[in-house]
Amino acid sequence: MAAQFDELLRYNQMDPTDLADALTAYTVVMWLIVNDQLDGQSDPARLKAVSEQIGPQFRASPELRSLSPEQRAAEYERVAAMSLYGIAAYTAFEQEGDRSAKAELEAAAQESMQRVGWDLAALDITHPGFEPRR
């Protein structure tokens with residue numbers, strides 16, 4: 001699973017050895033789910049802008065900085081799994097035409113991200129990165 005997530009990061013010009021980039025990718029995946037925009041197409045330039053915008057915040061986090069290499073690896077695996085499971089669930093619900101299940105997934109992703117301070121429904125991803133939705 002980590003190898004697939006590594007590829008996702010590389011495609012989007014992010015470093016798979018950087019936990020901050022992994023957390024950024026996870027945040028973007030959750031944004032795509034919340035905003036019903038996970039269509040398989042991504043704009044690496046916009047995602048790189050998000051990485052440059054919020055990656056330094058993750059890197060400066062005392063919690064992240066205090067992790068041992070083993071803890072970083074475990075966190076990377078967790079973030080990779082949650083990202084790929086979210087993508088897989090969204091894709092399956094989309095293919096099945098299960099709007100109810102997809103809406104539940106979107107709501108769950110929004111709620112989980114709000115608990116950590118991210119209102120993804122209120123943001124757009126633009127070339128400068130995340131911006132408040134107008």
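Here are four short exercises, with solutions, on a predicted model.

**Exercise 1. Work out how helix 2 and helix 5 pack: which orientation, which hand, and which residues meet?**

Start with the usual descriptors: two packed helices are described by the angle between their axes and the distance between the axes.

- Step 1: Helix 2 covers residues 19-34 and helix 5 covers residues 69-96; their axes come within 10 Å and cross at roughly 20°.
- Step 2: Angles under 35 degrees count as roughly parallel, so helix 2 runs roughly parallel to helix 5.
- Step 3: For the hand, the crossing of these two helices is left-handed.
- Step 4: Now go for the residues. Helix 2 brings Leu-19, Ala-22, Leu-23, Tyr-26, Val-29, Met-30 and Ile-33. Facing them from helix 5 are Arg-72, Glu-75, Tyr-76, Val-79, Met-82, Ser-83, Gly-86, Ile-87 and Tyr-90.
- Step 5: Sorted by class, this contact has 12 nonpolar, two polar and two charged residues.

**Exercise 2. Do the same for helix 5 and helix 6: what are the orientation, the hand and the make-up of the contact?**

- Step 1: Helix 6 spans residues 99-115, and its axis comes within 8 Å of the axis of helix 5, with a crossing at roughly 155°.
- Step 2: Over 145 degrees counts as roughly antiparallel, so that is how helix 5 lies relative to helix 6.
- Step 3: Helix 5 passes helix 6 in a left-handed crossing.
- Step 4: From helix 5, Gly-86, Ala-89, Tyr-90, Phe-93 and Glu-94 meet Ala-101, Lys-102, Leu-105 and Glu-106 of helix 6.
- Step 5: The class split here is five nonpolar, one polar and three charged.

**Exercise 3. Find out how many aromatic pairs there are, and say which parts the pair of Phe-5 and Tyr-76 ties together.**

- Step 1: Pairing requires ring centres within 6.5 Å, and the count comes to two aromatic pairs.
- Step 2: One of them is Phe-5 with Tyr-76, at 5.6 Å centre to centre and 65° between the planes.
- Step 3: Planes over 60 degrees apart count as edge-to-face, and the Phe-5 and Tyr-76 pair is of that kind.
- Step 4: Phe-5 sits in helix 1 (residues 2-11) and Tyr-76 in helix 5, so the pair ties together parts 71 residues apart in sequence.

**Exercise 4. Take strand 1 and strand 2: is the pairing parallel or antiparallel, and how many residues lie between them?**

- Step 1: Strand 1 is residues 123-126 and strand 2 is residues 129-132; they pair in the antiparallel sense over four bridges.
- Step 2: For the register, Leu-123 stands opposite Pro-132 in strand 2.
- Step 3: The two strands form a hairpin, with two residues between them.

Key
Residues numbered from 1 in each chain as written. Predicted model: local features only at pLDDT ≥ 70, side-chain atom pairs only at ≥ 80, totals over all residues. Heavy atoms only, no water. Axes fitted to C-alpha atoms, helices over the stretch in contact; angles between N-to-C directions. Parallel < 35°, antiparallel > 145°, perpendicular 65-115°, else oblique. Left-handed = near helix turned anticlockwise from the far one by under 90°. Contact = heavy atoms within 4.5 Å. Nonpolar A, V, L, I, M, F, W, Y, C, P; charged D, E, K, R; others polar. Pairing = 2+ DSSP bridges. Phe/Tyr/Trp six-rings, centres within 6.5 Å; stacked < 30°, edge-to-face > 60°.
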